[in-house]
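Colleague: I have just opened this one and would love a friendly tour. Could you walk me through it?

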Amino acid sequence: AQPVCSHGCESPEQWVCLQCGEVNCGRYLNAHSLAHHGATGHATAASLADLSVHCYLCHGYVEHPRLVPLVERLRALKFGEDAFGG
């Protein structure tokens, strides 16, 4: 099932906050993920569409070895535990 924004928005582009786990829609719908950052200061979120990680402080996508286990777990949840040999 497709996650729904905490504000009820249905969009293929949902983001999960990496600090608290709240799910919000991306900037191309109602930008609730960006608003969540503004309200909480939580800086990073992962796209549930393409599993990229975005940092609102540096205004860009980030990759780091410490994020690999998280992104792998998101991939397993999205596609199934054995989707990529996991």
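Colleague: What span does helix H2 reach from its first C-alpha to its last?

Modeller: Happy to start there. This is a predicted model, where local features need pLDDT of at least 70, side-chain atom pairs count only at pLDDT 80 or more, and totals for chains, interfaces and linings use all residues. Residues are numbered from 1 along each chain as its sequence is written, and side-chain values use heavy atoms, with hydrogens and water left out. H2 covers residues 68-79, twelve in all, and the expected value at 1.5 Å a residue (1.5 Å times one less than the number of residues) is close to what the model shows: 16 Å.

Colleague: How are helices and strands assigned, and which residues of H2 are buried?

Modeller: Both are DSSP runs numbered from the N terminus: helices are H or I with at least four residues, strands are E with at least two. Buried means under 20% relative accessible area, using a 1.4 Å probe and protein chains only. Strands S3 (44-47) and S4 (53-55) are among what covers the buried residues of H2, which are Val71, Leu74 and Ala76.

Colleague: Which residues does leucine 74 touch, leaving out those up to four places away in sequence?

Modeller: Contact here means heavy atoms within 4.5 Å. Leucine 74 also belongs to the largest nonpolar core, with Val16, Val23, Ala46, Leu51, Val53, Leu67 and Val71. Such a core is a set of buried Ala, Val, Leu, Ile, Met, Phe, Trp, Tyr and Cys residues joined through side-chain atoms within 4.5 Å. The residues that leucine 74 touches are Ala46, Leu48 and Leu51.

Colleague: Which residue in S4 stands opposite alanine 46?

Modeller: Two strands pair if DSSP finds at least two bridges between them. S3 and S4 pair in the antiparallel sense over three bridges, and they form a hairpin with five residues between them. Opposite alanine 46, in S4, stands valine 53.

Colleague: And which residue in S3 is the bridge partner of valine 16?

Modeller: S1 and S3 are also antiparallel, paired over three bridges. Thr44 and Ala46 point one way from S3, while Ala45 and Ser47 point the other way. The partner of valine 16 is alanine 46.

Colleague: Why is one side of S2 and of S5 left without a neighbour in the sheet?

Modeller: The open sheet has five strands with antiparallel pairing, in the order S2-S1-S3-S4-S5. S2 (23-25) and S5 (60-62) stand at its edges, so one side of each is free of a sheet neighbour, because each has a single partner strand.

Methods
Buried means under 20% relative accessible area, exposed over 50%, partly exposed in between (1.4 Å probe, protein chains only).
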